[in-house]
Amino acid sequence: MAAHEAHAHHDAHGHHNHEEGFISKYIFSQDHKMIGKQFLMTAVFMGLIAMMLSILFRIQLAWPGEQSDFLSFFLGEWAPKGVMTESMYLGLVTIHGTIMVFFLLTGGLSGTFSNLLIPLQIGARDMASGLLNMLSYWMFLISSIIMVVSLFIETGPASSGWTIYPPLSALPDAIEGSGKGMTMWLISMTIFIASSLLGSLNYIVTILNLRTRGMKMTRMPLTIWAFFVTAILGVLSFPVLLSAALLLTMDRLAGTSFYLSDIIVGSEMLENHGGSPILYQHLFWFLGHPEVYIVLLPALGLSSEIIATNSRKPIFGYRAMIGSILAIGFLSFIVWGHHMFVTGMNPFIGSVFVFTTLLIAIPSAVKVFNYITTIWRGSNIYTPAMLFSIGLVSTFITGGVTGIILADSALDIAVHDTYFVVAHFHIVMGMSAVFGMFAGVYHWFPKMYGRMMNTRLGYAHFWITIVGAYGVFFPMHFVGLAGAPRRYYDYSVYGEFNQDSYDMIMDLNEIITIFAIIAAIGQVIFLFNFFYSIFRGPKAVQNPWKSNTLEWTTPVEATHGNWPGALPEVHRWPYDYSKPGMEEDFIPQTTPLMEGEEEH
Amino acid sequence: MTKLIVLLVIVLGVLAIAQLVRLYELSSKLRDRREEDIPNRDNRLNATLLLVFVLALFASVIWMMSNFGWTGRGEAASKHGVGTDALLNLNFVIIFSVFFLTNFLLFFFAYKYVRKPGVKAYYFPHDNRLELIWTVIPAIVLAVIIILGLKSWNEQTSDATKEAVRIELFSKQFDWTVRMAGADNQLGYFDYKLTNENNPLALMTTATIQDAIDSMENGVSGIHSLEKKLNNPKLMFIPEDRTKMVLNLGRKERLIRLLYQMKARHNKALDARAKDDIVFGANDTLYLAKNQEYEFNFRAKDVIHSAFFPHFRAQMNTVPGMTTRFKFTPTITTNEMRVKMNNPNFNFVLMCNKICGSSHYKMKLMVVVLDKSEYKAWYKKVSAAKLFKDVYPVGKPKPVEPVADAMAMDTTAVTVK
């Protein structure tokens, strides 16, 4: 039927529908839906690796020095006699952070859902440039491969933390991982940044130019608004990381002194003079803080859409939601210094950053209250996607509130770089974004693969994940309040000055690791459900969730060009759920306004 | 064998789940239920679980708070730290209220407004008054937090008084070294180029400059010895080592010019500042007096470290090429703290809190706070024994190793017969 209709419109869109070979359809595809799926597959794989790495170093933290066949099986010579080496521990921590932040939650989350949803929800046949989009994916894949391969080289992967502060990252004599491992990290990230820029430019151009008739900016779903602001943040901030990486590369290879000054490493007196390691931190966090929102905003966008659909209510305060996305986006550029309160930065500049950082709490609070009001008096349906979205709002609150302490420089110095910080950002950024990603996968799976995922396995996955996530990250606050610094291989040093504190930290560490293992095993349910449903899941209907947005007006069998006939025309905002006086509890955006009906 | 069994169990497990899913799907088909139609039973079950979850979460948070303590590191032991803790507690009250309230509302509404047959959702797209309320209230609360926070930030970061004792904490992989300013309460100048075995802290006096020049010219791996090695046709090197030596020589030739410049410009009157400094060895305990203000000057030799005093609520990075400062006044002696913590082995500590290499986690320094009289006695002892001018062998000509010996010690050199 769909194919027949497509044929009828051959003149207008003929080139979209010719038969494609396997290679051009599945591998070098320029179709945004296929590219989205490629991003998702790569991200799932990368996420699994990063999760596995975290389990390995959690084992070391909970049972330091104990021999483990598990460790020696995975780490081989890096865990002689089943105890991992100090440098491998730091390498695992570094690559875990890098993959999670950049490859899973930036490339994976934005790459998957911006690609899948932008053309579908604004009514476009594809991205503005299919070729650039394809290149964006291939660069992502290449950078992923380089990053993973760097785990296997003889001197070990980069191991100066995911923030790779120089001089440590610039001096191979200071730590082994700053040799070839660091070089590979820099190459991989450079390609990754190029990929991210190609993607982001494409998203911005597509959203601004390719909206279908009637799709005003103020009729766009919040998902698109979130992707739009995310892409702008990416375009403005990633080049700064690129320049930071290039300057670091120059310091490493060409003997320049951008970040190095007055250094003696081992017995070697270097002649570099006049550079500043703090410069690197400014450049890094100029990306690093917007990066938090690059990770978070798409997740918030996805959950806005999912919560509205499944509570059968319009998202509360649509314009306020857009306003807060824009406010968060803007503010994210002027808060980076809160990562640097203890670097010796001028205290006055510190106070400015305290002020701007705490301002971000306002739009964030608005978003949370709006979510809660949307759920209030809804007719809530608990699909796995809806559960994950509620989980997201919860972790966004729980992780967000501790940010108030960390943004306050006077308090930050007491907990800076301790596990309190680790707890904070894993909950507010890590878990929220991961929950958003899971929610997105469950919700749009029928759009991606034309089949449904199993709901009950989805429930099991959600409950194990949320219990695991809180079980892992909440106790970390107390480890941090006890004063335990992050990136410590073990806490035996505590035994020398405060045995009680040491016992407490070790108890908590054990609890955390056990929860982490449970949560990791829970992800097997997801993997099984995901891959099983791709091939064997029940066939989906066109609009399974009774949703208003445009992607559900396309046929179940995806075609290149999305709509077999003319592009749909939009007449209303996407959140007309349970509108009084209407028969159905949803009105698709393509339905014209009735006589005398107000838009919203 | 165990691996095989584990593998077998995993494979069987996956197969079992697959069969269960199959069964579930077939039964759904029989009952004509589609995957996207969530049965009311499932819906209500999840709604209830959400409520149970949030209550369990609250219970465990309260249990953790009471069990693991407000802060596991004990009472603040510095003057500003008391203020930090008070502000921290105020913030905790605010954020815990927000945490409990918003999480409760979220999960409670999710529980209460589960889909019920025949009940339509309430169409409620926006309400300016409500939105204004929850924009303004957080803004006011945050304004209070910001004002209080900045007030104590300004106190913490203002300049130390003249009476504050100046102490330098010198960090390198993986230990800390203490230097006290001595009688004049002024730390002597330093320059990293002056570093050698006799002068690990690179203090600057006329003698140390001369000494640095001598050892760079004539020392074991000084310029002359390197030149001789490289020009000796009887020696053969692995190409990589040779390149390294050439680079090293070039670097030293440039550094020595800077040392000569330093010598020419050096003002002898400044030597006094360094000469009365009290220098300790790496890892020697840091002694402080109760109720005495201290200004710490931080230096790093190789990479960034961070001086984290958890009990004094103080932290500052140490950055190569840049001096950073932080001041605090200890208010509790070690002995008093041991009583308070009910732990006779308790000690204050300074830990490295910025990843600095593989042994980062071992890099710490013990800190002891004495009361004023004990401190005086201790100070008298060290100021008699550890003044820089006494520790540093001024004017003694250093034996310069003969170049031939130096070569013999160099294992990379191979003599051609």
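This is a short chat about strand β1 of chain B, the contact between chains B and A, and one helix of chain B.

User: Hi! What kind of model is this, and how are residues numbered?
Analyst: This is a predicted model, where local features need pLDDT of at least 70, side-chain atom pairs count only at pLDDT 80 or more, and totals for chains, interfaces and linings use all residues. Residues are numbered from 1 along each chain as its sequence is written, while chains are lettered from A and ligands numbered from 1 in the order in which they are written.

User: Is strand β1 of chain B buried or in the open?
Analyst: Six of the eight residues of β1(B), residues 165-172, are buried, so the strand is largely enclosed by the rest of the structure. Buried means 20 or more other C-beta atoms within 10 Å of the residue's own, exposed means 12 or fewer, and partly exposed is in between, with C-beta atoms placed from the backbone. Strands are DSSP runs of E, at least two residues, and helices are runs of H or I, at least four, numbered from the N terminus.

User: Which strand pairs with β1(B) in the parallel sense?
Analyst: That is β6(B), residues 294-300, over seven bridges; strands pair if DSSP finds at least two bridges between them. Ile167(B) stands opposite Phe296(B) there.

User: And what joins β1(B) to β2(B)?
Analyst: A hairpin does, through two residues. The two strands run antiparallel with six bridges, and Phe170(B) faces Thr177(B) across them.

User: New topic: how many residues does the contact take from each chain?
Analyst: Chain B gives 102 residues and chain A gives 113, with contact meaning C-beta atoms, placed from the backbone, within 7 Å. On chain B's side, helix α4(B) supplies the largest share, 14 residues.

User: Last one: how many residues of α10(B) are buried?
Analyst: Zero of its 14, so α10(B) lies largely in the open.

Note on methods:
Two residues are in contact if their C-beta atoms, placed from the backbone, lie within 7 Å. The expected span of a helix is 1.5 Å times one less than its number of residues.
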